[in-house]
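Grab a pencil and open the viewer. Below are a few exercises, each with a solution worked out step by step.

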Amino acid sequence: MVVGAFPLFKLASLAIKQISKPIAFSLKTTARQSDFFRKYVCIWPGQGYHWLETRVKMRLMGLAGPAKVEPLSEQAAVDVGAELLGESLVFGVATVIMYLEYKRGQRKEAMKEQEQNERLFELHDHVKELELLVETNAAQVRELTRLVHSKDS
């Protein structure tokens with residue numbers, strides 16, 4: 001690996017992922033303490049996750065399960081919702097970074113293909129020039145041959 005080809009983008013993406021973890025932790029802490037986050041952002045996802053998890057576990061165990069899933073306490077729902085929020089942030093950042101890496105790879109491949117096409121076009125032009133030169137030389141050889149034969153006669 002040459003020094004100029006150091007993968008700065010990959011290093012930056014790793015740094016962003018590592019930075020997003022403390023931000024997610026801070027967001028979880030804020031979500032647990034803020035009334036707005038508690039009421040509108042954390043409780044309903046926490047309750048929804050608990051409902052879904054209970055249903056899925058019951059189905060996987062082959063049980064019919066209760067007709068109605070008992071809701072979590074407010075604090076437990078806030079904790080689960082805050083955890084979901086933090087993990088969603090980390091997952092979202094990782095997804096965006098993967099998408100950007102994918103797009104960067106596509107651009108790199110497109111540039112490589114464009115360079116290859118340009119080189120192919122240059123070679124095609126060079127072949128055409130050589131064909132023209134061969135035709136010109138062949139015409140000159142025929143003319144010289146004709147001149148040689150005409151002097152012999």
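## Exercise 1: A salt bridge on one helix

Lys128 counts as partly exposed, at 44% relative accessibility.

**Task.** Work out how exposed Glu131 is, and how Glu131 and Lys128 are placed in helix H3.

**Solution.**
- Step 1: Start with the exposure of Glu131. Its relative accessibility is 41%, so Glu131 counts as partly exposed, because that label covers values between 20% and 50%.
- Step 2: Now look along the helix. Glu131 and Lys128 are 3 residues apart in helix H3, so about one helical turn separates them.
- Step 3: Check the side chains. Those of Glu131 and Lys128 meet in a salt bridge, at 4.0 Å from N to O.

## Exercise 2: Two further salt bridges

**Task.** Find the N to O distances in the salt bridges of Glu101 with Arg104 and of Glu122 with Arg119, then sort the four residues by exposure.

**Solution.**
- Step 1: For Glu101 and Arg104, the closest N and O atoms are 3.0 Å apart.
- Step 2: For Glu122 and Arg119, the N to O distance is 3.7 Å.
- Step 3: Place them. Glu101 and Arg104 both sit in helix H3, 3 residues apart, about one turn. Glu122 and Arg119 are also in helix H3, 3 residues apart, about one turn.
- Step 4: Sort by exposure. Glu101 is partly exposed at 24%, and Arg104 is partly exposed at 27%. Glu122, at 47%, is partly exposed, and so is Arg119, at 48%.
- Step 5: For the full tally, the count comes to 7 salt bridges.

## Exercise 3: Confidence

**Task.** This is a predicted model, so you need to know how far to trust it. Which helix has the lowest mean confidence, and which has the highest?

**Solution.**
- Step 1: Take the whole chain. The average pLDDT is 85, and 92% of the residues score at least 70.
- Step 2: Go helix by helix. Confidence is lowest in H1, with a mean of 76, and highest in helix H3 (residues 74-152), with 91.
- Step 3: Look at the start of the chain. Over residues 1-5, pLDDT stays under 50, and the model has 1 contact for them beyond four places in sequence.
- Step 4: Draw the lesson. Where pLDDT is low, the predicted coordinates should not be read in detail.

## Exercise 4: Aromatic rings

**Task.** How many aromatic pairs does the structure hold, and what kind of pair do Phe36 and Phe37 form?

**Solution.**
- Step 1: Count. The structure holds 2 aromatic pairs.
- Step 2: Take Phe36 and Phe37. Their ring centres are 6.0 Å apart with 80° between the planes, and the pair is edge-to-face.
- Step 3: Take Phe36 and Tyr40. The centres are 5.3 Å apart and the planes are at 45°, so this pair is tilted.
- Step 4: Put them together. Phe36, Phe37 and Tyr40 form one aromatic cluster.
- Step 5: Place the tilted pair. Phe36 and Tyr40 both lie in helix H2 (residues 35-60), 4 residues apart, about one turn of the helix.
- Step 6: Add exposure. Phe37 is partly exposed at 22%, whereas Tyr40 is exposed at 54%.

## Exercise 5: Buried or exposed?

**Task.** Are Ser20, Arg38 and Leu60 buried or exposed?

**Solution.**
- Step 1: Ser20 is in helix H1 (residues 8-33). With 5% relative accessibility, Ser20 counts as buried, because buried means under 20%. Leaving out residues up to four places away in sequence, Ser20 touches Leu89, Val90 and Val93.
- Step 2: Arg38 is in helix H2. At 15%, Arg38 also counts as buried. Beyond four places in sequence, the residues Arg38 touches include Ala31, Ile43, Glu74 and Val78.
- Step 3: Leu60 is in helix H2 and counts as exposed, at 72%. Together with Trp51, Leu52 and Val56, Leu60 makes a nonpolar surface patch of about 430 Å².
- Step 4: One last distance to try in the viewer: the C-alpha atoms of Ser20 and Leu130 are separated by 60 Å, and the two residues are 110 apart along the chain.

Definitions and conventions: Residues are numbered from 1 along each chain as its sequence is written. Side-chain values use heavy atoms; hydrogens and water are left out. Rings of Phe, Tyr and Trp (its six-membered ring) pair if their centres lie within 6.5 Å; planes under 30 degrees apart count as stacked, over 60 as edge-to-face and the rest as tilted. Buried means under 20% relative accessible area, exposed over 50%, partly exposed in between (1.4 Å probe, protein chains only). Helices (H or I, at least four residues) and strands (E, at least two) are DSSP runs, numbered from the N terminus. Contact means heavy atoms within 4.5 Å. Patches are made of residues with over 30% relative accessible area and no salt bridge: like charges are joined within 9 Å, nonpolar side chains (Val, Leu, Ile, Met, Phe, Trp, Tyr) within 5 Å. Accessible areas come from the Shrake-Rupley method with a 1.4 Å probe; for residues, only the protein chains shown count as cover. A salt bridge is a side-chain nitrogen of Lys or Arg within 4 Å of a carboxyl oxygen of Asp or Glu. pLDDT is the predictor's confidence in each residue, from 0 to 100.
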